[in-house]
Amino acid sequence: MDIRPTSPPGGRTLAAFHLADSSGPSRSLVAELRWLAGERGELEIVVPGPGRVAKTYGEFAAVRTLPYEPLTASGGGRATGRAFARDVRTFRTHLRAARPERVVVVTTTLPALLVAAWLERVPALVYAAEIVPTAPGLARRAGGAALLRLTGSLAGSIACCSDTVARQFRGARHPQLVTVYPPIAAPPGGDGEGFRRHHGLAPDAPCIATVGSISRGRGQDVLVRALPRLRERLPGLRAVIVGDPHPRGADHAYRAELHDLARRLGVFDALVFTGHVESLGDVYAAADVVVNPTRREAFGRVSAEALLAGRPVVATRVEAVPEVLRDGVDGLLVAPDSPVDLADAIARMLEDEHLAARLVASGAERVRREFTPERSLARFAAAVGALARS
């Protein structure tokens with residue numbers, strides 16, 4: 001495949017994120033949206049509130065706050081219907097004022113913008129980075145199958161962060177599908193000693209880390225349940241949980257549940273909850289093993305970044321994870337919701353330096369080959385081209 005992107009199509013683009021703070025999609029699309037802005041910078045980003053997206057994109061795009069809610073933040077039943085109708089009106093009003101040539105909906109959880117763009121006859125590209133339904137609440141409120149049908153029917157083009165995500169839309173009435181793997185680069189930073197010192201981790205303590213939003217789907221509770229077994233073999237082990245809950249009640253309650261679970265199991269002293277960390281390179285440098293105990297995974301950026309940072313990875317064998325990690329070749333994969341299997345794989349990685357080094361070497365080489373910025377930008381440009389043709 002020719003990995004040289006075409007020139008940007010020109011004209012004004014409106015892009016919308018479902019979160020104002022950093023997320024996988026906001027980290028994945030920086031180069032792509034910069035390219036779409038072109039030299040004249042005719043790109044407007046809309047977000048539902050203040051957050052780190054404005055800092056990331058503000059240097060080449062106008063960032064505006066609008067009052068809207070993604071499906072994952074809404075209430076149920078009538079409340080969701082009223083919020084949806086309100087958000088369609090909000091987006092239609094803004095589209096009429098902004099007059100963009102195209103819309104990029106950076107989530108499947110903003111169908112209100114997709115409907116508004118269709119009503120205003122503005123072509124829309126959806127960047128799909130979720131496994132639908134993304135949570136039990138979403139299934140109850142909107143219906144995952146209905147959301148997929150709506151997205152497939154109204155989007156002019158769908159850019160998917162993995163083949164696993166793309167398979168959700170196959171058979172849709174309007175299947176302009178392009179897989180756009182996120183570009184992966186080793187994150188800057190790398191001050192592991194400083195990170196350990198800041199969080200009270202001994203320099204010689206075995207350290208494992210998991211990175212991601214605090215949510216039940218991310219499976220941090222599985223890692224907590226694995227700690228008693230791990231500490232039997234490695235008494236000084238510490239586990240670092242990096243990330244914040246999304247701004248919704250269920251995720252905040254889940255964080256409190258993690259604390260309670262750790263206390264009941266007698267491993268709270270082995271845990272460090274850091275919240276958001278700006279320099280993930282410091283996290284990777286401090287960790288001996290990076291763990292992804294997730295129950296849902298649309299891609300798995302952290303695993304790929306960790307390999308480039310020289311850290312071995314243990315992850316659950318779910319959804320898109322095997323697209324990034326080959327079991328026994330690039331990392332160790334275990335069944336989801338199995339604290340015993342997770343603990344044994346982590347211990348094996350910590351105890352077998354040769355195994356860890358072999359997996360890191362193989363995995364890092366594959367990430368450098370397959371998930372390049374050039375390839376990602378070219379595939380995104382193809383999705384924009386498909387939008388124009390549609």
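**A sheet, a covered strand and a two-sided helix**

Hi everyone, let's start with the sheet: six strands form an open sheet in the order E10-E9-E8-E11-E12-E13, and the pairing is parallel. Strand E10, residues 271-275, and strand E13 stand at the edges with a single partner strand each, so one side of each is left without a neighbour in the sheet. From one strand to the next, the twist averages 20 degrees. Please keep in mind that this is a predicted model.

Let's look at one edge of that sheet. Strand E12, residues 313-316, pairs with E13 in the parallel sense, over three bridges. If you'd like a pair to find on your screen, try Val314, whose bridge partner in E13 is Leu332.

Now please move to strand E2, residues 43-47. How many of its five residues are buried? Five of the five, so to speak the full set, and the strand is described as mostly covered. A general point helps here: in a regular strand the side chains alternate between the two faces of the sheet. In E2, Leu43, Ile45 and Val47 are on one side, while Glu44 and Val46 are on the other. Both of these faces are covered, and all of these residues are buried.

Which strands does E2 pair with? One is strand E1, residues 13-17, which runs parallel to E2 and is joined to it by four bridges. Here, Leu14 has Glu44 in E2 as its bridge partner. Another is strand E3, residues 62-65, again in the parallel sense and over four bridges. On that side, the bridge partner of Val46 is Arg64 in E3.

Last stop: helix H16, residues 353-370. This helix has 18 residues and reaches 26 Å from its first C-alpha to its last, close to the 26 Å expected at 1.5 Å a residue. Just at its N-terminal end, Asp352 acts as a cap: a side-chain oxygen lies 3.3 Å from the backbone nitrogen of His354.

Which residues of H16 are buried? They are Leu355, Ala356, Leu359, Val360, Gly363, Ala364, Arg366 and Val367. These residues cover an arc of only 165 degrees around the axis, which puts them on the same side of H16. Turn to the other side of H16, and you find His354 and Arg368 exposed.

And what do the buried residues of H16 pack against? Their partners are helix H13 (301-308), helix H14 (321-324), helix H15 (339-351) and strand E13 (332-334). That brings us back to E13, the edge strand we met at the start. Thanks for listening!

Technical notes:
Residues numbered from 1 in each chain as written. Predicted model: local features only at pLDDT ≥ 70, side-chain atom pairs only at ≥ 80, totals over all residues. Heavy atoms only, no water. Expected span 1.5 Å × (residues − 1). Buried < 20%, exposed > 50% of the residue type's maximum accessible area, 1.4 Å probe, protein only. Arc of directions from axis to C-beta. Contact = heavy atoms within 4.5 Å. Polar contact = N/O pair within 3.5 Å; in protein donor to acceptor, adjacent residues only side chain to side chain. Pairing = 2+ DSSP bridges. Axes fitted to C-alpha atoms, helices over the stretch in contact; angles between N-to-C directions.
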